[in-house]
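Trainee: I would like to go through this model with you pair by pair, asking about its charged and aromatic contacts and then its surface. Could you take each question slowly and finish on the value or name I ask for?

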Amino acid sequence: MEKAKSYALKLLSRRDYFETELKNKLLLKGFSEKEVQKIIEYLKEQKLIDDEKLLERYKEINLQKGKSPLSIKNKLYRKGITEVEFSFEEELKSALYLLNFKYKKEKNYADIVKFLKNRGFSYSVIQEAANKFLDGEE
């Protein structure tokens, strides 16, 4: 059990993991299900893993990079997180950031809509972001 705990702590020293990610890593390393469960409980008690805080931080970082909620949901799904919600404001802020980063001179409504649609933004957000961007709002 100590070997598994030290391996888990070594992994967490490099970066944060979601509970399911860490569990899968430990199982792949060859530790038993019972050992892994005890270690996960220990790490939760010590507040070394907290899925909710990590999820919020992950969402915030990726939205600031201009990633669409659809893209973020897909990445999180691969990490074992299935329930993620985004507010309209979060999605709009991300779309506007992406437009301000990508489009410097060309300001064509159709191109903007196509660009955001291909990135996975919802249509209501695309309309709002395109109108604000073309009006010069941020």
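Trainee: What is the N to O distance in the salt bridge where the side chains of glutamate 21 and lysine 79 meet?

Mentor: Bear in mind throughout that this is a predicted model. The pair links distant parts of the chain, since glutamate 21 belongs to helix α2 and lysine 79 to the loop between α5 (69–78) and α6, 58 residues apart. A side-chain nitrogen of Lys counts as bridged when it is within 4 Å of a carboxyl oxygen of Glu, and for these two side chains the N to O distance is 3.2 Å.

Trainee: Is glutamate 21 buried or exposed, and which residues are joined into one network with it?

Mentor: Because buried means under 20% relative accessible area, glutamate 21, with 14%, is buried. Its salt bridges belong to a group that shares partners, and the members of that one network are Arg15, Glu21 and Lys79.

Trainee: How far apart are the closest N and O atoms in the salt bridge of glutamate 19 with lysine 44?

Mentor: Here too the pair links distant parts of the chain, with glutamate 19 in helix α2 and lysine 44 in helix α3 (residues 33–45), 25 residues apart. Glutamate 19 is buried at a relative accessible area of 15%, whereas lysine 44 is partly exposed at 35%. The closest N and O atoms of this salt bridge between glutamate 19 and lysine 44 are 2.9 Å apart.

Trainee: Which residue forms a salt bridge with arginine 57?

Mentor: Arginine 57 lies in helix α4, and its partner sits in the loop between α1 and α2, 41 residues apart from it along the chain. Arginine 57 counts as partly exposed at 39% relative accessibility, and the partner is also partly exposed, with a relative accessible area of 35%. The closest N and O atoms are 2.1 Å apart, and the partner is aspartate 16.

Trainee: How many salt bridges does a search of the whole structure find?

Mentor: Side chains of opposite charge can pair when their charged atoms come close. The pairs we have discussed include glutamate 21 with lysine 79 and glutamate 19 with lysine 44. For the whole structure, the number of salt bridges found is eight.

Trainee: What is the angle between the planes in the aromatic pair of phenylalanine 18 and tyrosine 58?

Mentor: A search of the whole structure finds three aromatic pairs, and in this one the centres are 6.2 Å apart in an edge-to-face arrangement. The pair links distant parts of the chain, with phenylalanine 18 in the loop between α1 and α2 and tyrosine 58 in helix α4 (residues 51–64), 40 residues apart. Phenylalanine 18 is buried with a relative accessible area of 2%, and tyrosine 58 is buried with 17%. Planes over 60 degrees apart count as edge-to-face, and the angle in this pair of phenylalanine 18 and tyrosine 58 is 70°.

Trainee: Is phenylalanine 101, the partner of tyrosine 97, buried or exposed?

Mentor: Tyrosine 97 and phenylalanine 101 form a stacked aromatic pair, 6.3 Å centre to centre with 5° between the planes. Both lie in helix α6 (residues 88–102), four residues apart, which is about one turn of the helix. Tyrosine 97 counts as partly exposed at 39% relative accessibility, while phenylalanine 101, at 57%, counts as exposed.

Trainee: Which helix gives the most to the positive patch on the surface?

Mentor: The residues that gather in this patch of positive charge are Lys3, Lys10, Arg14, Lys25 and Lys29. Both α1 (2–14) and α2 (19–29) supply at least two residues each. Arginine 14 is found in helix α1 and counts as exposed at 58% relative accessibility. With three residues, the helix that gives the most is α1.

Trainee: Where does lysine 47, with its positive phi, lie?

Mentor: Phi of lysine 47 is near 60°, a positive value in a residue other than glycine. At 69% relative accessibility, lysine 47 counts as exposed. Its place is the loop between α3 and α4.

Key:
Residues numbered from 1 in each chain as written. Predicted model: local features only at pLDDT ≥ 70, side-chain atom pairs only at ≥ 80, totals over all residues. Heavy atoms only, no water. Patch = residues over 30% accessible without salt bridge, like charges linked within 9 Å, V, L, I, M, F, W, Y side chains within 5 Å. Areas by Shrake-Rupley, 256 points an atom, 1.4 Å probe, with all protein chains shown as cover. Lys, Arg positive; Asp, Glu negative; His and termini not counted. Charge placed at Lys NZ, Arg CZ, Asp CG, Glu CD. Buried < 20%, exposed > 50% of the residue type's maximum accessible area, 1.4 Å probe, protein only. Phe/Tyr/Trp six-rings, centres within 6.5 Å; stacked < 30°, edge-to-face > 60°.
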